[in-house]
Amino acid sequence: MATFEIIVGSVLGASEYVADALEGVLVAHQHKARIHLQPDINDLDQTAIWLVCTSTHGAGDLPDNIQRFARQCQQRALDSVKFSVVGLGDSSYDTFCNGAVQIENILKKAGAVFIQPAVHIDVLVHPIPEDLAVKWLEEWLSDPQLN
Ligand SMILES: Cc1cc2nc3c(=O)[nH]c(=O)nc-3n(C[C@H](O)[C@H](O)[C@H](O)COP(=O)(O)O)c2cc1C
């Protein structure tokens, strides 16, 4: 059994739906999971697996609600953290899923271990993004190292 911290970056709510679906899968697999809609690094277990689930807004920016968290991560050493990223974006923007890429790079720079390749979900192709996110997570959870 593993513990997951699901860290949400969302403006319009789509990433929150994805986070809820991911939490459901984790619990069904007997893992522990907590969703953070206003993420603050001080509330997070640094021995847990951090699953960042974020969209991209503005000119390739992270949503406002996750920007403080991104800044906090730039000021900490996070060597004990393991993480992966679910990005939501729209491929009609040149900055497709740039927010997800930004947070991946910030966490890597802080020393966190990127234990599973990110999934970048194009909402033009996947109008129900939770379907692809759940499939990605189910595949990851079948990795014997997590069980
Ligand atoms: C004003 C605006 C700007 C956006 N900018 C980007 C962008 O730069 N890159 C991208 O991949 N998607 C962009 N998107 C698409 C959103 O990331 C996508 O709709 C996503 O599903 C929103 O998720 P959320 O509801 O969790 O915020 C933008 C959407 C809006 C409305």
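How many helices and strands are there in the protein? In this predicted model, the protein has 4 helices and 6 strands, and the legends below take up the whole chain and then selected parts.

**View 1. Overall arrangement of the predicted protein model.** Read from the N terminus, the elements follow the order β-α-β-β-α-β-α-β-β-α. The radius of gyration is 14 Å, close to the 15 Å that the globule rule gives for 147 residues, so the protein is as compact as a globular protein of that length. Along the principal axes, the C-alpha atoms fill a box of roughly 40 × 35 × 20 Å, and buried residues account for 37% of the 147 residues. Among contacts between residues at least 6 apart in sequence, 79% join residues that are at least 24 apart.

**View 2. The shell of residues around the ligand.** There are 21 residues around the ligand, and those that come nearest are Leu12, Ala14, Ser15, Ser55 and Gly89. Helix H1 (14-28) and strand S4 (82-89) each contribute at least two residues to this shell, which by class consists of 9 nonpolar, 11 polar and 1 charged residues.

**View 3. The largest nonpolar core.** This core has 36 residues, and Ile6, Ile7, Leu22, Leu51 and Cys53 are those with the most contacts inside it. At least two core residues come from each of strand S1 (3-9), H1, strand S3 (49-55), helix H2 (64-73), S4, helix H3 (98-109), strand S6 (119-122) and helix H4 (129-141), with the largest share, 5 residues, supplied by S3. Not counting residues up to four places away in sequence, Ile7 touches His36, Pro39, Trp50, Leu51, Val52, Cys53, Ile66 and Phe69.

**View 4. Leu51 in strand S3.** Leu51 counts as buried because it has 25 C-beta neighbours inside 10 Å, where 20 or more are needed. With neighbours within four places in sequence left aside, the contacts of Leu51 are Phe4, Ile6, Ile7, Leu22, Phe83, Ser84 and Val86. Leu124, by contrast, lies 73 residues from Leu51 along the chain, and the C-alpha atoms of these two residues are separated by 23 Å.

**View 5. Strand S1 and its pairing with strand S2.** Because 6 of its 7 residues are buried, S1 is largely enclosed by the rest of the structure. S1 runs parallel to strand S2 (residues 32-36), to which 5 bridges join it, and within this pair Glu5 stands opposite Arg34 in S2.

**View 6. Strand S6 beside strand S4.** The two strands run parallel and are joined by 4 bridges, with Ile121 in S6 as the bridge partner of Leu88. In a regular strand the side chains alternate between the two faces of the sheet. Along S6, Val119 and Ile121 point to one face and are buried, whereas His120 and Asp122 point to the other and are not.

**View 7. Two loop residues with positive phi, Gln30 and Cys97.** Most residues other than glycine have a negative phi. Gln30, in the loop between H1 and S2, has a phi near 70 degrees, while Cys97, in the loop between S4 and H3, has a phi of about 55 degrees. Gln30 is exposed because 10 other C-beta atoms lie within 10 Å, whereas Cys97 counts as buried because it has 25 C-beta neighbours inside 10 Å.

Definitions and conventions: Residues numbered from 1 in each chain as written. Predicted model: local features only at pLDDT ≥ 70, side-chain atom pairs only at ≥ 80, totals over all residues. Near = placed C-beta within 6 Å. Nonpolar A, V, L, I, M, F, W, Y, C, P; charged D, E, K, R; others polar. Core = buried A, V, L, I, M, F, W, Y, C linked by C-beta atoms within 7 Å. Buried ≥ 20, exposed ≤ 12 C-beta atoms within 10 Å, placed from the backbone. Contact = placed C-beta atoms within 7 Å. Rg over C-alpha atoms; globule rule 2.2 N^0.38 Å. Pairing = 2+ DSSP bridges.
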